[in-house]
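Here is a quick tour of one protein model, starting from a single side chain and working outwards. Keep the structure open as you read.

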Amino acid sequence: MNNQNNMSFGNLSHVEAGDRPNYDELIPKGDQTLRAIEIQLQQCGPNAKDPNGQYIDAQFEVVDGPFANRRIFQKFNVININQEAVNIALGEIKQWIAATGEQAEGELTMSRILALEGRQFVGLIGVDKGRNNYPDKNKISQFKAPVNNNNYQQQQPQQMQNNQGYQQNNQMQQTSQGYQGNNQPNPNQQSQGVQVHHNHQGGQNNNNQGGRPSFAQNNN
């Protein structure tokens with residue numbers, strides 16, 4: 001307890017009272033290096049035009065420059081009765097994928113969107129005019145181009161690295177079991193593979209409820 005009481009958190013002489021960045025000031029229009037730091041699938045809610053609709057709730061961060069660490073919040077209506085809104089959202093996500101340097105064709109799944117987290121890109125910052133007494137806010141008007149993501153794997157959580165190592169060990173064990181048993185099937189082998197796949201997917205997104213929703217095939 002005495003050690004905690006003597007712990008220092010810094011010198012108050014070096015800061016001003018209430019000193020903090022002016023987050024009320026909008027980022028001016030222009031290019032910024034960005035990355036997604038949080039991605040979730042959310043339900044629209046009872047007051048929405050489509051209460052059963054779902055959207056991708058993404059939080060982006062400015063990586064460097066005078067506005068470093070500033071956050072931009074953006075929503076993508078991936079499941080909605082308004083097909084035009086869905087098409088706009090899918091087009092924006094496609095542009096986002098391409099801006100990270102990834103191939104932007106084929107089926108869009110939740111796991112594919114989650115894989116964008118942490119990947120840097122250049123985005124054009126714009127301003128979304130406030131409505132119903134809400135203030136103006138920044139938005140990403142265009143996902144433009146990739147930046148160097150060579151160090152991306154080094155930034156991944158240790159849990160992802162552990163999962164990869166566990167999968168490799170599991171594959172080696174299965175190969176060894178198949179060799180020892182010759183042509184005799186291992187009754188536990190298939191269930192183990194399913195469990196590894198299920199836990200890995202579940203760990204990526206708790207809001208996914210055990211599935212991998214596809215947004216590209218939605219026609220509602």
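Let's begin with Arg 71, which is partly exposed because its relative accessible area is 40%, between the 20% and 50% cut-offs. Bear in mind that everything here comes from a predicted model. Arg 71 sits in strand β3. If you skip its neighbours within four places in sequence, Arg 71 touches Ile 37, Gln 59, Phe 60 and Glu 61. There is also a longer-range relation to look at: Lys 139 is 68 residues away from Arg 71 along the chain, yet their C-alpha atoms are separated by 9.8 Å.

Now zoom out to the whole chain. The protein has 5 helices and 5 strands, and from the N terminus on they run α-β-β-β-α-α-β-β-α-α. Of its 220 residues, 30% count as buried. The accessible surface comes to about 15,200 Å², with 44% of that belonging to carbon and sulfur atoms. Among contacts between residues at least 6 apart in sequence, 57% join residues at least 24 apart.

**The strands**

Which strands does β2 pair with, and in what sense? Strand β1 (residues 30-43) pairs with β2 in the antiparallel sense over 9 bridges, and β2 pairs with β3, again antiparallel, over 7 bridges. For landmarks, find Gln 42, which stands opposite Tyr 55 in β2, and then Ile 56, whose bridge partner in β3 is Phe 76. Strand β2 itself (residues 54-62) is mostly covered, with 7 of its 9 residues buried. As a reminder, in a regular strand the side chains alternate between the two faces of the sheet.

Gln 32 belongs to strand β1. Is Gln 32 buried or exposed? It is buried, because its relative accessible area of 14% falls under the 20% cut-off. Its contacts, leaving aside neighbours within four places in sequence, are Ile 27, Val 62, Asp 64, Phe 67, Phe 121, Val 122, Gly 123 and Ile 125.

**Two asparagines with positive phi**

Most residues other than glycine have a negative phi. Two asparagines here go the other way: Asn 69 has a positive phi of about 75°, and Asn 132 has one of about 55°. Asn 69 lies in the loop between β2 and β3, while Asn 132 is found in the loop between β4 (120-128) and β5. Asn 69 counts as partly exposed because its relative accessibility is 46%, whereas Asn 132 counts as exposed because its value, 70%, is over 50%.

Here are the four residues picked out so far, with their accessibility:

| Residue | Relative accessible area | Class |
|---|---|---|
| Gln 32 | 14% | buried |
| Asn 69 | 46% | partly exposed |
| Arg 71 | 40% | partly exposed |
| Asn 132 | 70% | exposed |

**The largest pocket**

Finally, the pocket. The largest one has a volume of about 1,600 Å³. Its lining takes in 38 residues, and Phe 73, Lys 75, Asp 128, Arg 131 and Lys 137 lie nearest its centre. By class, the lining holds 16 nonpolar, 9 polar and 13 charged residues. Which element gives the most to this lining? That is β3, with 7 residues. Elements supplying at least two lining residues each include β3 (71-79), α2 (83-99) and β5 (137-146). That brings us back to the strand where we started, since Arg 71 is placed in β3.

Terms used. Residues numbered from 1 in each chain as written. Predicted model: local features only at pLDDT ≥ 70, side-chain atom pairs only at ≥ 80, totals over all residues. Heavy atoms only, no water. 1 Å grid on protein atoms, 1.4 Å probe; cavity = no way out; pocket = protein on both sides within 12 Å on 5 of 7 lines; lining within 4 Å. Points joined across faces, edges and corners; volume = space filled by probe spheres on them. Helix = DSSP H or I, 4+ residues; strand = E, 2+ residues; numbered from the N terminus. Nonpolar A, V, L, I, M, F, W, Y, C, P; charged D, E, K, R; others polar. Buried < 20%, exposed > 50% of the residue type's maximum accessible area, 1.4 Å probe, protein only. Pairing = 2+ DSSP bridges. Contact = heavy atoms within 4.5 Å. Areas by Shrake-Rupley, 256 points an atom, 1.4 Å probe, with all protein chains shown as cover.
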